There are 2 protein chains.
Amino acid sequence: MDNQLSVGRPTILDVARVAGVSHATVSRYLNKRAYVSEQAATAIDQAIREVNYVPSRTARSLVNRQTRAVAFVVRESPTLFFTDPNLSKMAIGANAALSAQNYQMLFMIIDSEQSAARITELIGGGFVDGVILVAMSLNDPAAQAIANTPTPAVTASVPLPDSLVPHVDTDNAGGIETLTRLLHESGFHTIAHLGGPEHEPAAILRHAGYKKALGPAYDPALVDFANQWELEAGRASMRRLLAAGPEIDAVIASSDLLATGALDVLAEQGRRVPEDVSVSGFDDSDWALRAHPPLTTVHQDSYRIGEELAEVVLRQIDGEDLQGFGRIIPNEVVWRESSGPRSDAS
Amino acid sequence: MDNQLSVGRPTILDVARVAGVSHATVSRYLNKRAYVSEQAATAIDQAIREVNYVPSRTARSLVNRQTRAVAFVVRESPTLFFTDPNLSKMAIGANAALSAQNYQMLFMIIDSEQSAARITELIGGGFVDGVILVAMSLNDPAAQAIANTPTPAVTASVPLPDSLVPHVDTDNAGGIETLTRLLHESGFHTIAHLGGPEHEPAAILRHAGYKKALGPAYDPALVDFANQWELEAGRASMRRLLAAGPEIDAVIASSDLLATGALDVLAEQGRRVPEDVSVSGFDDSDWALRAHPPLTTVHQDSYRIGEELAEVVLRQIDGEDLQGFGRIIPNEVVWRESSGPRSDAS
DNA sequence: CTGAAAGCGCTTACAG
DNA sequence: CTGAAAGCGCTTACAG
C-alpha cells in the first residue's frame, strides 16, 4: 500500500499514481478545461491532499509561454522611491489593477549596474509577461535595454526617446495651462515661468502649457530654464528671472522643488509671497506642503496613473499593438497660500 | 543562406543552427562550465548577437530547480507599508544583500484574499527559491499558509506561533530594559509600563525587559496592557494607570503610538511632560518626532534587519537547517525631550 | 572538445 | 471520458 513518491516535491505523476489515473487526466482536472469523470475527480482531489501537491510554476510557464506576472521596475534611488508618495501610489494602483486580472505584480528595484543587467536578462528571458518601467532620467541605458526587450512594456512619466514603447503620463501641458489661466484670472499679469531643464520632455510640455495659456501676451523674457531639477538650480533660475524682469508678480515653476528654490531667493530679496509675488509648483509633493507659505501646485492622481499603466501592459499582453501610444491623465490645480486669495473662489 | 528561425523568440536551437554546432555546445558555452573550442565560441557568440538570443528563464529554472529569486511578501496595507520607514528600509536592506549574491528580490503586496491565495501558490509552486515574510499580526492564515510551504522562509518582526520558521527581530526586551535603566539612573523612580496587547510576543518581550531592569522594585500595579496597538487603546490604558498609581513619574509605552495616546491623556489631566511625567515609546517612527514633546524611544536599524533577513533565507537556500532559529538585532535608545535632561549626558 | 539522448514537470492535440 | 505521446527550452552525464 506504500505509494512510492519521488524525493523532491511531489509532481503531477505522484498525484496520478496515488489517484490511479494518468497524469494527463490529473492535468485536465487541474485546468478544468476538459471533462473528467466524477469518480476520477474525487480520487484526484484526495490524492492531491495526500501528497500535498502544488503545481510547478516553472513547468507550467514553460509550456504555456506565460507567467502571469508583470514586473514593476524602478530605476530610482530606492530611498527616493519609498519617500515619493507619487511613486508609491503609482505602484499601489498598478498592483491593484493587475491583481484584479489575476496577474502578480513583481516590484523590482534597480540599485546597481549589476542589478540592472540582471533585471534586463530576467525580463528579456520571459520571467514576466510584461513590464512597467518607472525611470525619471532619459537616455538611461538600463531603461533603454529593458524597453528594447521583446517583452511588452510601458513607461511611466517619461516617453523614452527614439522608442515606440507606450507611455502614461500626467497632463503636463494642461496642468500648467490651467494654472496659468487661474493666476491670470486672479489678477496676476506679469507671470514668469521657471522651467525645468530645457530639453527634458516634462519641462518642454509644461512650458508649452504656460505659453499657450498666455497666448499673444507670452514674453520670452519672462522665461528661464533651470539646469537641473534641483533646489539650487531653482534658486539660480529665480535670480536670473528677477534680474531680467523685476516687475514680475507671479512665478510658475515647473516643479515644487524648483518653486521652493524660488521662495528662498524671493525671501532673500525681501519680496513677500504672496503679497508681492505669487509662487506655484508642480507635483503636489511634500515640498509643496512644507514650503512657507504652502505652495499652489498641480496634483496628479498617481493611483490612477498606476491603474492605466497596468491596463496598457495588459492590453499588449493580450496581443494589442500599442507602439507609440501615449495616454495623458488629467490633473488638478491645488490652490494654496502661496498664490493668495483666489478671485473666483466659490 | 537563409537560416530558418522559429517564429517565437529565438531558442538555443536557433543559435546552434546559425553557429553550426549542436545546442549542447551552445549551452556549455553559455554556462562556461565546460571546454568549448575557441572557434566554436566565436561562432556561437556571433550567432547569439545575430539572432538576438536571450536564454529562457523558465526553461532554465525547470531544469536547474532554482529561480535565483526571493520574494519579499508584505502582509500589510500597502499604504502603511510605503509610509512606514522601518518597513521600507527593511526592504531596501534585504534587496541590497540579495542583490549582492545575485539573487533578485521580488517585492509582492498582499492586498486581498485573492492575492494572498495567488502569492501562496506562486511560492508553493517554486516560483521563487525563498521568501521573506513581513506580517505584523499573528495567527494570520495567509502568513501561515506561506510559511507552511516547503520553500525556505523567514519572518520579520514576529515569530509565527506553532511554527519553526526562523525569524529576525529587533531586541524587544533589551531595548526596553536599557531604556528603563536609563530612566532610573536619570532620577525617575515610579516608572509605569503601558504595554501592548498582552498576548502579543512583542508586547510580552518588552514587558519582560521592563521587569528585568526593575528587578525587585517591579510592581505589577504599575503595569497595564493596551488592548490593541492603537492610539485610543493607549489612551484608555494611560487612564487606568493614572487611576491606579497617580504618583507615577515616568511611563514606558510599548510603542510610539501608544506613547502618543499617553501624552494625550496626560495633557488632558494637566500633567506636564517631562516636568511631571516622562514618557517614552518604541520604534522611533514618525509618531515619535511629531509628538509634543518629541518622544524618547527605541530606534531599530531596519536596514540591517533587512540584510539579516536576506542572510537567513540565503543560508536556508544553501541547504542549512535553520528551523526555529531566531536572530535578535540590537537597537538603541534615542533620548528626546519627553524624558527631560539626561543625567548622565556627556 | 562535442553530439545524441534523457529528463526537468507540465499541457494538449490525437486517438480511442 | 481518458492514455500515450510529443513538446515547451533548457542542462548534463555519457560516450566518443
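**Exercise 1. DNA strand D**

In this predicted model, find which residue of chain B has a side-chain N or O atom that is 2.9 Å from a phosphate oxygen of DNA strand D.

*Solution.* Begin with the phosphate oxygens of DNA strand D: one of them is 2.9 Å from an N or O atom in the side chain of B:Tyr53. A phosphate oxygen of DNA strand D is also 3.1 Å from a polar side-chain atom of B:Asn31. Then turn to the bases, where a base oxygen of DNA strand D lies 3.3 Å from a polar side-chain atom of B:His23. The next step is to ask which elements give two or more residues to the surface near this strand, and these are α2 and α4 of chain A together with α2 and α4 of chain B.

To widen the view, take the residues that surround DNA strand D, which number 29, the closest being A:Arg28, A:Tyr35, A:Ser37, B:Ile12 and B:Ser27. Among the atoms of DNA strand D that come within 4 Å of the protein, 70% are accounted for by sugar and phosphate. Sorted by class, the surface near DNA strand D holds 14 nonpolar, 10 polar and five charged residues.

**Exercise 2. DNA strand C**

Determine which residues come nearest to DNA strand C, and then identify side chains that approach its base oxygens and a phosphate oxygen.

*Solution.* There are 30 residues around DNA strand C, and the nearest of them are A:Ile12, A:Ser27, B:Arg28, B:Tyr35 and B:Ser37. Two of these can be followed down to single atoms: the side chain of A:Ser27 has an N or O atom 2.5 Å from a phosphate oxygen of the strand, while the side chain of B:Arg28 has an N or O atom 2.4 Å from a base oxygen. A base oxygen of DNA strand C also lies 3.2 Å from an N or O atom in the side chain of A:His23. Passing from residues to elements, α2 (23-31) and α4 (57-64) of chain A, together with α2 (23-31) and α4 (57-64) of chain B, are those that give two or more residues to the surface near DNA strand C.

As a last step, consider the make-up of both sides. On the DNA side, 70% of the atoms of strand C within 4 Å of the protein belong to sugar or phosphate, and the rest belong to bases. On the protein side, the surface near DNA strand C has 15 nonpolar, 10 polar and five charged residues.

**Exercise 3. The two copies**

Work out what rotation and what shift along its axis superpose chain A on chain B.

*Solution.* In general, a rotation about an axis and a shift along that axis relate two copies of a chain. Here the rotation is 180° and the shift is 0.0 Å, and chain A then superposes on chain B with an RMSD of 0.1 Å. The two copies are therefore related as by a two-fold rotation axis. The same surface serves both copies, since 98% of the contact residues of chain A recur in chain B.

**Exercise 4. The parallel sheet of chain A**

Give the order of the four strands in the open sheet of chain A, and explain why one side of each edge strand is left without a neighbour in the sheet.

*Solution.* Reading across the sheet, the order is β7-β6-β8-β9 in chain A, and the pairing is parallel. At the edges stand β7 (223-225) and β9 (278-280) of chain A, and because each has a single partner strand, one side of each is left without a neighbour in the sheet. Direction ignored, neighbouring strands of this sheet are turned by 15° against each other on average. For one pairing in detail, take strand β8 (residues 250-253) of chain A, which is joined to β9(A) by three bridges and runs parallel to it. Within β9(A), A:Val279 is the bridge partner of A:Val251. Finally, add the helix: α10 (residues 201-214) of chain A packs on the sheet and touches β6 (191-195), β7 and β8 of chain A, its direction making about 165° with that of β6(A).

**Exercise 5. Backbone details**

Locate the cis peptide bonds that lead to A:Pro274 and B:Pro293, and say in which loop each proline is found.

*Solution.* In chain A, the peptide bond from A:Val273 to A:Pro274 is cis, with omega near 10°, and A:Pro274 has its place in the loop between α12 (256-268) and β9 of that chain. In chain B, B:His292 and B:Pro293 are joined by a cis peptide bond with omega about -10°, and B:Pro293 is in the loop between α13 (286-290) and β10 (297-299).

Methods:
Residues are numbered from 1 along each chain as its sequence is written. Chains are lettered from A and ligands numbered from 1 in the order in which they are written. This is a predicted model: local features need pLDDT of at least 70, side-chain atom pairs count only at pLDDT 80 or more; totals for chains, interfaces and linings use all residues. Side-chain values use heavy atoms; hydrogens and water are left out. Copies are superposed by least squares on the C-alpha atoms of residues with pLDDT of at least 70 in both. Contact means heavy atoms within 4.5 Å. A residue is near a molecule or strand if one of its heavy atoms lies within 4 Å of it. A polar contact is a pair of N or O atoms within 3.5 Å; within protein, one must be able to donate a hydrogen and the other to accept it, and residues adjacent in sequence count only if both atoms are side-chain atoms. Ala, Val, Leu, Ile, Met, Phe, Trp, Tyr, Cys and Pro count as nonpolar, Asp, Glu, Lys and Arg as charged, and the others, Gly among them, as polar. Two strands pair if DSSP finds at least two bridges between them. Axes are lines fitted to C-alpha atoms, for helices over the stretch in contact, and angles run from 0 to 180 degrees between N-to-C directions.
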